[in-house]
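Trainee: I'm new to this one. Could you walk me through how to read it?

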Amino acid sequence: MSKNRKGVAIFPGTFDPITNGHLDIIGRGLTVFDHVIVAILVNSEKQPLFTTDERKAIIREAFRGNARVRVDTFSGLLVDYAVKVGAGVIVRGLRAISDFEYEFQMALMNRHLNPSIETVFMMPAEHYSYLSSRLVKEVFQLGGNVHKLVPAVVERRLREKYRDALPPAAPPRRRSRVR
Ligand code: PNS
């Protein structure tokens, strides 16, 4: 396969946080492209759980030792960022038909903005087709198990994030003696 790999692709997104579905797509991207740049959108409108720096550190840790994956941030137009880093391809994951309309719009808008940048869609493994960062946060917050849905570093960071958000434990109540 390595003989057929070509160039640099960008895998853009919010990644709040990265999930095993994203990891699956990056893995598939690496079977086609020499390098994948995971590009985190710095978006001042959204209220992310993890800061941009935290998301960057998390993804770096998830891919530690893999020289073919780079992690970066961008703002402004994605196609301009692609030109800046010398990437000819944008990779996006398609989980289900419900993703299609939004992705189709984005791909055609990006093509309108810069016809030399191609969008490539990849399907994750079927067992990730229901997975999203939003659901991971919701399930974790409500005490559900996200073990098989996110890399270990995300599980740890989620625990730290919600532990830090909790008010300090109240001191134990003294029982009044019954005489
Ligand atoms: O993980 P997400 O939130 O689905 O990722 C969306 C993302 C970051 C790929 C998209 O919002 C994006 O590319 N934003 C950059 C702004 C831009 O280029 N807009 C015009 C083309 S749609």
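Trainee: Leaving out residues up to four places away in sequence, which residues does K137 touch?

Mentor: Keep in mind that this is a predicted model. With those sequence neighbours set aside, K137 touches D16, P17, L49 and Y162. As for where K137 sits, look in helix α5.

Trainee: Does K137 count as buried or exposed?

Mentor: Buried means under 20% relative accessible area. K137 has 19% relative accessibility, so K137 counts as buried.

Trainee: How do I describe two helices that pack together?

Mentor: Two packed helices are described by the angle between their axes and by the distance between those axes. Here, take α5 (residues 133-141) and α6 (residues 152-165): their axes come within 11 Å and cross at roughly 55 degrees. That is why α5 is called oblique to α6. The crossing of the two is right-handed.

Trainee: Which residues of α5 and α6 meet?

Mentor: On the α5 side you'll find V136, K137, F140 and Q141, and they meet E155, L158, R159 and Y162 of α6. Sorted by character, the residues of this contact are four nonpolar, one polar and three charged.

Trainee: Now the sheet. What is the order of its strands?

Mentor: Read across the open sheet of five strands and you get β3-β2-β1-β4-β5, with parallel pairing. The edge strands are β3 (69-74) and β5 (118-122), each of which pairs on one side only. From one strand to the next, the twist averages 30 degrees.

Trainee: How many bridges join β4 and β5?

Mentor: Five bridges, in the parallel sense, with β4 covering residues 89-93. If you want a spot to look at, find G93, which stands opposite M122 in β5.

Trainee: And which helices go with the sheet?

Mentor: One is α1 (residues 20-30), which packs on the sheet and touches β1 (8-13), β2 (35-41), β3, β4 and β5. The direction of α1 makes about 145 degrees with that of β2. Another is α4 (residues 97-113), which lies across β4 and β5 and runs at about 170 degrees to β4.

Trainee: Let's finish with L113. What is L113 in contact with, beyond its neighbours within four places in sequence?

Mentor: L113 lies in helix α4, and its contacts beyond those neighbours are L77 and V79. With a relative accessible area of 38%, L113 is partly exposed. Try one distance as well: L113 and D80 are 33 residues apart in sequence, and their C-alpha atoms are 9.0 Å apart in space.

Conventions:
Residues numbered from 1 in each chain as written. Predicted model: local features only at pLDDT ≥ 70, side-chain atom pairs only at ≥ 80, totals over all residues. Heavy atoms only, no water. Axes fitted to C-alpha atoms, helices over the stretch in contact; angles between N-to-C directions. Helix = DSSP H or I, 4+ residues; strand = E, 2+ residues; numbered from the N terminus. Parallel < 35°, antiparallel > 145°, perpendicular 65-115°, else oblique. Left-handed = near helix turned anticlockwise from the far one by under 90°. Contact = heavy atoms within 4.5 Å. Nonpolar A, V, L, I, M, F, W, Y, C, P; charged D, E, K, R; others polar. Buried < 20%, exposed > 50% of the residue type's maximum accessible area, 1.4 Å probe, protein only. Pairing = 2+ DSSP bridges.
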